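Here is a small set of exercises to work through with the model open beside you. Try each task before reading on to its solution.

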Amino acid sequence: MMGGTEMGDSPVDILFRGGRVFTATDGFAEAVLVRDGTIAAVGAERELARLTAAYDIVDLDGGLLVPGFTDAHLHPVQAGLERARCDLSELYGLGDYLDAVHAYAEANPGKEWIDGGGWDMTAFPGGLPRREQLDFLDRPVYLIQRDHHAAWVNSRALELAGITRDTPDPADGRIERDADGAPSGVLHEGAMDLVGLLTPRPTAEDLDAALADAERHLLSLGITGWQDAIVGSYAGSDDQLPTYLSAARSGRLRARVVGALWWDRTRGLEQIDSLVARRASAEGLDRFAATSVKIMQDGITENFTAATLEPYCRCGGTGLSYVDPAKLKEYVAELDRLGFQVHFHAIGERAVREALDSFEGTDPANRHHIAHLQIIEPSDVPRFAALGVTANLQPLWATHHAQMDELTLPFLGEPRSSWQYPFADLLAHGTSFCAGSDWPVSTADPLQAMHVAVNRTEPGSSVHADYPTARTPFLPEQRIDLATAMTAYTAGSAWINRSPAGVIEPGRPADLVVLDRDPFALPAAEIWTTGVRMTFIDGVPVHERP
């Protein structure tokens with residue numbers, strides 16, 4: 001991969017050549033020269049070679065050099081923990097899930113609880129597994145749904161938690177019940193904590209290992225920075241802030257990371273002092289900052305907790321606003337005054353509107369953003385650009401997959417179904433984009449997400465690739481071009497994180513990714529086949545594909 005003039009122990013420049021360069025701000029270039037971990041020059045190979053007395057070569061071999069990707073919304077510590085536990089994320093179907101649970105239990109006879117996650121709602125009738133399916137174990141079982149908005153538990157877990165037909169639903173969640181009121185084995189949203197907080201707590205060593213494993217995986221996908229969308233205690237998970245502080249202080253953390261501090265939706269302004277203190281604990285660190293605050297304003301459409309303006313079809317109800325909209329504006333105004341960035345989760349059109357309303361009068365310099373944006377009422381689309389609010393896209397979800405066709409469209413109805421993931425409309429109104437995956441909810445691979453943003457179809461690597469409508473574009477009028485999608489995942493997300501990377505231009509850190517082919521030269525339907533050969537941070541290779 002690398003070769004050139006030998007310089008012994010002297011520092012050697014690096015010349016990236018032999019393909020194209022996507023700069024993320026100024027189109028394409030031919031070559032890049034890196035010196036002392038920084039991009040020294042961008043331009044024609046012959047001209048760059050004259051600028052250095054000695055250099056190593058990275059041969060792009062016809063591929064594409066891009067800025068390191070920044071994922072603007074993911075949960076790597078939780079992903080790392082799940083990968084080390086009973087991991088169902090690469091499986092599909094009840095039979096495969098039960099086989100995996102059985103094998104994990106046999107391999108871990110001393111574990112008091114069987115925990116993990118990654119199950120897909122569409123593998124079950126109505127999206128709902130049952131407690132009896134896990135009752136072949138006499139140990140309690142707690143398995144988090146792939147999108148982290150529900151948990152599947154067995155009868156023993158319900159018993160230990162004291163959950164019966166008489167247990168009331170928490171204000172921010174729901175216990176799924178049979179006709180007689182008995183708990184059926186699924187806990188939605190805030191109800192997850194009724195069991196999740198009883199599971200054995202991971203040790204500091206477990207959390208450190210989870211972050212390290214997650215970072216290795218993300219680097220292999222070309223992700224050199226990210227925003228952790230929940231740094232705090234939520235849905236049975238522990239606070240990850242000490243883990244990040246330890247990794248950053250020791251130098252183990254190589255990526256550029258911002259933590260979005262969790263807004264406790266059971267509390268109000270009284271928690272802001274603790275958020276200020278938590279932010280201060282990371283000041284001065286090179287690789288980690290805690291400058292964002294995450295507010296989860298609603299749930300998801302599939303369990304009818306996404307906040308909508310009109311009732312869901314068939315089942316009624318308009319979902320949940322987790323933070324009282326009457327108080328939300330006051331909370332956001334105070335966070336904005338203190339210089340925090342606010343990072344919203346908003347799925348339903350009412351939640352999107354409530355988030356936008358709360359940003360009225362705030363300072364765009366704080367780089368506020370709203371993630372997910374599944375449904376946007378058309379009159380709210382122009383408000384993003386008008387308010388200086390960035391749209392944080394999770395493109396992977398904008399397809400005809402089983403969860404969309406079977407658990408979402410029948411309950412949204414028209415015209416609301418056609419308001420989903422309106423990327424092209426947002427772009428037409430001048431909205432700024434960043435992008436992320438929500439990993440482990442979805443694959444963390446940015447190139448798979450870009451494929452969906454451009455095609456609005458499932459990539460060939462997807463577990464839903466063989467679904468009957470997977471190749472039918474979902475609202476194809478909302479496609480965006482590849483350059484826009486890639487810019488969102490590079491310059492856009494780096495900007496949200498105030499990262500100096502994300503762009504290939506002189507003076508920027510040499511956080512770079514070598515792709516094994518040029519996706520801009522491929523048919524759009526083949527974008528998903530692109531892979532990562534090498535990843536660099538500050539000009540140092542941190543991943544090279546075998």
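**Exercise 1. Handedness and packing of H15 and H16**

Task: Find the handedness of the crossing of H15 and H16, then classify the angle between the two helices.

Solution. Start with the handedness: H15 and H16 cross in a right-handed manner. Next, list the residues that touch. H15 contributes Pro446, Ala449, Met450, Ala453 and Val454, and H16 answers with Leu482, Ala485, Met486 and Tyr489. Sorted by class, this contact holds 9 nonpolar residues, with no polar and no charged ones. Now the geometry: the axes of H15 (residues 446–455) and H16 (residues 482–496) come within 9 Å and cross at roughly 140°. That angle makes H15 oblique to H16.

**Exercise 2. How far to trust the coordinates**

Task: State the mean pLDDT of the protein chain, and say over which residues the pLDDT is below 50.

Solution. Remember that this is a predicted model. The protein chain has a mean pLDDT of 95, and 98% of its residues reach 70 or more. The stretch to treat with care is residues 3–10, where the pLDDT is below 50. Beyond near neighbours in sequence, residues 3–10 have 11 contacts in the model. Where pLDDT is low, the predicted coordinates should not be read in detail.

**Exercise 3. Two partners of H6**

Task: Describe how H6 packs with H7 and how H2 packs with H6.

Solution. Two packed helices are described by the angle between their axes and the distance between the axes.

Step one, H6 with H7. H6 (residues 204–220) and H7 (residues 241–250) pack at about 65°, their axes 10 Å apart. The two helices are therefore roughly perpendicular to each other, and H6 passes H7 in a right-handed crossing. On the H6 side the contact is made by Leu207, Asp208 and Leu211, and on the H7 side by Thr243, Tyr244, Ser246 and Ala247. These residues divide into 4 nonpolar, 2 polar and 1 charged.

Step two, H2 with H6. The angle between H2 (residues 76–84) and H6 is about 100°, and their axes are 7 Å apart. H2 and H6 are therefore roughly perpendicular as well. From H2, the residues Pro76, Val77, Gly80, Leu81 and Arg83 take part. They meet Asp206, Leu207, Ala210, Leu211, Asp213, Ala214, His217 and Leu218 of H6. The class count for this contact is 8 nonpolar, 2 polar and 3 charged residues.

**Exercise 4. Reading two sheets**

Task: Give the strand order of the sheet that contains E24 and of the sheet that contains E12, and identify which strands stand at the edges.

Solution. Begin with the sheet that contains E24. Its 6 strands form an open sheet with mixed pairing, in the order E4-E3-E8-E23-E24-E25. E4 (28–29) and E25 (540–544) each have a single partner strand, so one side of each is left without a neighbour in the sheet. E24 (residues 532–537) runs antiparallel to E25, joined by 4 bridges. Phe536 has Pro541 in E25 as its bridge partner.

Turn to the sheet that contains E12. Here 6 strands form an open sheet in the order E10-E11-E12-E13-E15-E14, again with mixed pairing. The edges are E10 (86–87) and E14 (173–177), each with a single partner strand. Inspect E12 (residues 141–145) and E13 (residues 150–153): they run antiparallel and are joined by 3 bridges. Leu143 stands opposite Trp152 in E13. Finally, H3 (residues 94–107) packs on this sheet, touching E10, E11 (114–119), E12 and E13. The direction of H3 makes about 155° with that of E11.

**Exercise 5. Backbone details in loops**

Task: Locate the cis peptide bonds that lead into Pro415 and Pro440, and the loop that holds Arg367.

Solution. Take the prolines in turn. The bond from Glu414 to Pro415 is cis, with omega near 10°, and Pro415 sits in the loop between H13 (409–412) and H14 (423–428). The bond from Trp439 to Pro440 is also cis, with omega near 10°. Pro440 belongs to the loop between E22 (433–435) and H15. Then look at Arg367, in the loop between H10 (349–358) and E20 (369–372). Although Arg367 is not a glycine, its phi is positive, at about 60°.

How values were computed: Residues numbered from 1 in each chain as written. Predicted model: local features only at pLDDT ≥ 70, side-chain atom pairs only at ≥ 80, totals over all residues. Heavy atoms only, no water. Axes fitted to C-alpha atoms, helices over the stretch in contact; angles between N-to-C directions. Parallel < 35°, antiparallel > 145°, perpendicular 65-115°, else oblique. Left-handed = near helix turned anticlockwise from the far one by under 90°. Contact = heavy atoms within 4.5 Å. Nonpolar A, V, L, I, M, F, W, Y, C, P; charged D, E, K, R; others polar. pLDDT = per-residue confidence, 0-100. Pairing = 2+ DSSP bridges.
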